[in-house]
Amino acid sequence: MAFIFSDATKRNKAMVLSQLRLLTKRLVAAALAAVFWATGVTVQAADIQPVQIAFLPDVHFHDIYADFRTDGFSGLANRKSGQQAAIRTMAAQLKSTRLFNENYFAFLAALDDIAAKGVKLVVLPGDFSDDSQPVHVRGLKQVLQRYSQQYGMQFLLTLGNHDPVRPLSHAAGKADYLGVDGKPQPIYSAGAGGCPDKATASPEDRRLVCSEQVKEAGYVELMTELSGFGFYPTVDYLYWETPFSDYSANGYELATAQAQADLQQRQYQICRQGGGGAYRQAGYTECRQVVDASYLVEPIPGLWLLAIDANVYIPDEAEPTGFKGSGNAGYNAVLKYKPHVIAWVEQVARRAQQQGKTLLTFSHFPMLEFYQGQSDHIAGLLGKNSAQLGRKPDDDVGHTLAKAGIRLHVGGHMHLNNTNLAHYSDGRYLLNIQSPSIAAYVPAYKLLTVLPDYDVEVDTIVLNEVPRFDELFEHYRLEHQQLRQTDADAAWNSGILQSANYREFANWHLRELTRQRFLPSEWPEELRTLLLALNGEQMAILTQLQTDMTLAQLQQSPEQLEQLMQSPQWQTAGQKLQQDAAKAGVVLNTFAGWHGFDVALDFYRLRNAGSLALTDISAERLAQYRFLAAQLARQATDRQNSGSLTAYVSKQFGLLFDMLAVFSKGVSYDHFRINLHTGELTPLPPDSAEKP
């Protein structure tokens, strides 16, 4: 059953007319609101009781004990649990920005911690599933139901680019489940990965398992399965609406909300070139109807939670499902392709002010820059298409959303810990909180406490200890043995299996991810080669060296670097640097304790986790990074790319160590309070979190 129709259907025409009528109603409402504000009438905040809300984006839930026996895969007999595990290989998750398996235990640990704190509201801002496979969505639903029943938790979800991957369900699967022999076990649905379209046919590859449990679900299947977690109105909500609702809080009736929650009434038109329906322009083509999962809910008196579905699936007839994936577009695409959402957000924000509601917004994608203002430097170091810079919102996005009335937004997608507060010349502001993922380094979640008088306290809860995190290690040991026998050079570092706790395990994950993926794919070859050839002391001396050697010469004859280290110029630069180091209170020969790989790893640690990473990097090394940043900043060398080794090192190392200094010395917003009326942010010490 599908609710996405071709452009030629009568239903589509009716939908467009419905959107035009709805737009007219909103324009009238906006005009009335403008008159209201012109009178100078002030509205007092509702007397809201303190309430805590936990935000866990990017859970990427994978049901590690899913049952595939009827499909021909019995799973791995786990001695600790006594169950049959259906997991991905360690090799796969060490090349992914997210964990596939251990995050299952981290999710349970996070929910247990939330329950122990007495928190009742839990928000999952997208990517709650592992590519929306039915088997994992059902497993997630069971977990949410269990904690709802046992602890009275209320879960609110919104969609990310992994749920759903496309707006319509389609054949899919993974080639890298772990088999009983320690080798990859492919599992696909019909029509994918070699599985025949007809269930009665057998795949040619006898190892291949075919299962409809791993297809990727679309909006209809996903929202129907998880209907009780925000996507539809329930008796527990004081108020609930969508961008397509034509009622208001006055005289709200659950039956009306339920009728208008039908997915046939929650669709918008999108064209290949931009927004459709009332916003469609001449020449727009390939226009289709797509479900929008956005909603507004009032779970307790005085608190409005605005869930924005920021996925944008651009129609493309060349794609198997007729749509491109949501990918990295985020709010850059929302402004262009979903203007109806922005119009609705503006109306919601006005009504929240009028009615004295505290309005908090959450979605999957970031609304502001998320690299502590270092995006341009990262682009200069690694290239404009590296380091997920494609996910960065354009500069005007934040202001547009702030003008729409959004003040505090919690997002995910980036798997990093960051807070960005932007104040604009027109008096607007926007606070964008990037919550970490429990499936990445550093594993953590955000805990918001909503207080009276528009105050909100934000705390960051790190998951250091996770029970059972090593439950699957016995299977990884067999996998590693198989890899060593077939291709020793491709084997991952088995040191990860010595991790003492979950945080250390996540640190190992980032280390292997840096070694196997980030360095080879994101770092320019000449910079990567130079880094991996040097220890810290050699890097420091090289930053001060004056040489006529060109970068091209060094690339053609790498052995010249060793000759350079034996030269009188090298000795002179070392002596000068030693004197400068002594004046700065650092000892130059201690720099030899770290290498270029450590610099790259620390770059990702600090970029991803901010101040949460400081416990994993020694204070001595951080001081050495700052010393080098200061030395390079004082250099008179022209940092234009003249082709000389001196200019290249000065420019690229200057960018690198300056960013390390900024990331390590940046203001910590892991715990703070903000007043939503004034936009004033006050940092708080880690141990002063107030409880409701």
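1. Let's start with how H20 and H21 cross: in this predicted model, H20 passes H21 in a left-handed crossing. Helix H20 covers residues 619-634, and its axis sits 8 Å from that of H21, at an angle of about 135°. That angle makes H20 oblique to H21.

2. Which residues of H20 meet H21? From H20 you'll find Leu 622, Tyr 625, Arg 626, Leu 628, Ala 629 and Leu 632. Facing them in H21 are Ser 650, Phe 653, Gly 654, Phe 657, Asp 658, Leu 660, Ala 661, Ser 664 and Lys 665. Sorted by class, this contact of H20 with H21 has nine nonpolar, three polar and three charged residues.

3. H21 (residues 645-665) also packs with H19 (residues 596-609): the two axes come within 9 Å and cross at roughly 40°. So H19, too, is oblique to H21, and the crossing of H19 and H21 is left-handed.

4. On the H19 side, the contact uses Val 599, Asp 602, Phe 603, Leu 606 and Arg 607. They meet Leu 656, Phe 657, Met 659, Leu 660, Phe 663 and Ser 664 of H21. The classes here come to eight nonpolar, one polar and two charged residues. If you have the model open, click on Phe 657: this residue of H21 is met by H19 and also by H20.

5. Now for the sheets. One open sheet has seven strands with mixed pairing, and its order is S9-S12-S13-S14-S15-S17-S16. What stands at the edges? Strand S9 (239-241) is at one edge and strand S16 (418-423) at the other; each has a single partner strand, so one side of each has no neighbour in the sheet. On average, neighbouring strands here are turned by 20° against each other, if direction is ignored.

6. At the S9 edge, the partner is strand S12 (residues 295-300), paired with S9 in the antiparallel sense over three bridges. Tyr 239 is a handy marker, as it stands opposite Glu 298 in S12. Helix H9 (residues 339-355) packs on this sheet and touches S9, S12, strand S13 (303-307) and strand S14 (358-362). The direction of H9 makes about 175° with that of S13.

7. Tyr 239 turns up again among the aromatic pairs, of which a search of the whole structure finds 32. With Tyr 252 it forms an edge-to-face pair, 4.9 Å centre to centre and with 65° between the planes. Why does the pair tie together parts that are 13 residues apart in sequence? Because Tyr 239 lies in strand S9, while Tyr 252 is in the loop between S9 and helix H7 (254-260).

8. At the S16 edge, six bridges join S16 to S17, and the two run antiparallel. Thr 419 stands opposite Ile 433 in S17. The hairpin of S16 and S17 has five residues between the strands, and there Gly 427 takes a positive phi near 90°.

9. Another open sheet has three strands in the order S6-S7-S8, again with mixed pairing. Its edge strands are S6 (173-178) and S8 (209-210), each pairing on one side only. Strand S7 (residues 184-188) and S8 pair in the parallel sense over two bridges, and Ile 187 stands opposite Val 209 in S8.

10. Finally, some backbone spots to check. Most residues other than glycine have a negative phi, and most peptide bonds are trans. Where are the cis bonds listed here? One joins Asp 163 and Pro 164, with omega about 0°, and Pro 164 is in the loop between strand S5 (154-158) and S6. Another runs from Tyr 441 to Val 442, with omega near -15°; Val 442 is in the loop between strand S17 (429-434) and strand S18 (444-450).

11. Ser 132 deserves a look as well: its phi is near 55°, a positive value in a residue other than glycine. You'll find Ser 132 in the loop between strand S4 (121-125) and helix H4 (134-151).

Terms used
Residues numbered from 1 in each chain as written. Predicted model: local features only at pLDDT ≥ 70, side-chain atom pairs only at ≥ 80, totals over all residues. Heavy atoms only, no water. Axes fitted to C-alpha atoms, helices over the stretch in contact; angles between N-to-C directions. Helix = DSSP H or I, 4+ residues; strand = E, 2+ residues; numbered from the N terminus. Parallel < 35°, antiparallel > 145°, perpendicular 65-115°, else oblique. Left-handed = near helix turned anticlockwise from the far one by under 90°. Contact = heavy atoms within 4.5 Å. Nonpolar A, V, L, I, M, F, W, Y, C, P; charged D, E, K, R; others polar. Pairing = 2+ DSSP bridges. Phe/Tyr/Trp six-rings, centres within 6.5 Å; stacked < 30°, edge-to-face > 60°.
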